[in-house]
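Hi,

Here is the structure I promised to send over. Have a look at it first, then read on for my notes.

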Amino acid sequence: MIQETLTEARQKMDKSIEAAQEEFGNVRTGRANPGLFANLMVDYYGAPTPMQQLASFQVPEARTILITPYDRGALGDIENALRNSDLGANPANDGNIIRIVLPQLTEERRKEYVKLVKTKAEDGKVSIRNIRRRAKESLEKMSKDGEVGEDEADRAIKELDEITKSKTDEIDRLLAAKEAELLEV
């Protein structure tokens, strides 16, 4: 019972780390990346639809992205979604494709991205701490109900704290690497 609770908590924490890593990947560095548009929603015939489902992406140059919609009718909707996003992109529509030339990253913009990444890292840590809290409550309930001994529950809680610390440290390492990548000129 204890081991299942700890294993489940570890797996959920790993998923939180993966989610944080994905979020970090969506934050732009000096190079154009289709992942920038992963969470961008387009109002497609009245339904919010992920842009990844509406178009293909090509990166012919370091700061240029070509977006080719599968349905030409969605061209205007995609362009509007890009203009209204916080990506700082200025889409150029030629009737068939949308070309985006991403601006050179300024020092100020890099610092904004670092703040954004720190916020995403903190969200990941909060998620991990919430998982820890739920697992701890479960272990305490097992001890209170007499399913496991008090000493066993205390040892399990200590192990849970060690797991939590290692997972939050992992997010900190990922954050430090992304921060260095963003500030690199």
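Below is what turned up, going from the overall fold down to a single pair of rings.

One thing to keep in mind from the start: this is a predicted model.

Let's begin with the fold. The protein chain contains six strands along with four helices. If you walk along the sequence, they come in the order α-β-β-β-β-α-β-β-α-α. The chain is more spread out than a compact globule, because its radius of gyration is 22 Å, while the globule rule gives 16 Å for 185 residues. You can get a feel for that from the box its C-alpha atoms fill, which is roughly 70 × 40 × 20 Å along the principal axes.

How much of the chain is buried? Of its 185 residues, 38% count as such. As for who touches whom, take the contacts between residues at least 6 apart in sequence: 63% of these join residues at least 24 apart.

On to the surface and the charges. The accessible surface is about 10700 Å², and carbon and sulfur atoms account for 47% of it. Among the side chains, 35 are negative and 29 are positive, with 4 Å between the centres of the two sets.

Last, the aromatic rings. The count here is one aromatic pair. Y44 and Y45 make it up, sitting edge-to-face with 65° between the planes and 4.7 Å from centre to centre. Y45 has a relative accessible area of 64%, so it counts as exposed, the cut-off being over 50%.

Cheers

Note on methods. Residues numbered from 1 in each chain as written. Predicted model: local features only at pLDDT ≥ 70, side-chain atom pairs only at ≥ 80, totals over all residues. Heavy atoms only, no water. Helix = DSSP H or I, 4+ residues; strand = E, 2+ residues; numbered from the N terminus. Rg over C-alpha atoms; globule rule 2.2 N^0.38 Å. Buried < 20%, exposed > 50% of the residue type's maximum accessible area, 1.4 Å probe, protein only. Contact = heavy atoms within 4.5 Å. Areas by Shrake-Rupley, 256 points an atom, 1.4 Å probe, with all protein chains shown as cover. Lys, Arg positive; Asp, Glu negative; His and termini not counted. Charge placed at Lys NZ, Arg CZ, Asp CG, Glu CD. Phe/Tyr/Trp six-rings, centres within 6.5 Å; stacked < 30°, edge-to-face > 60°.
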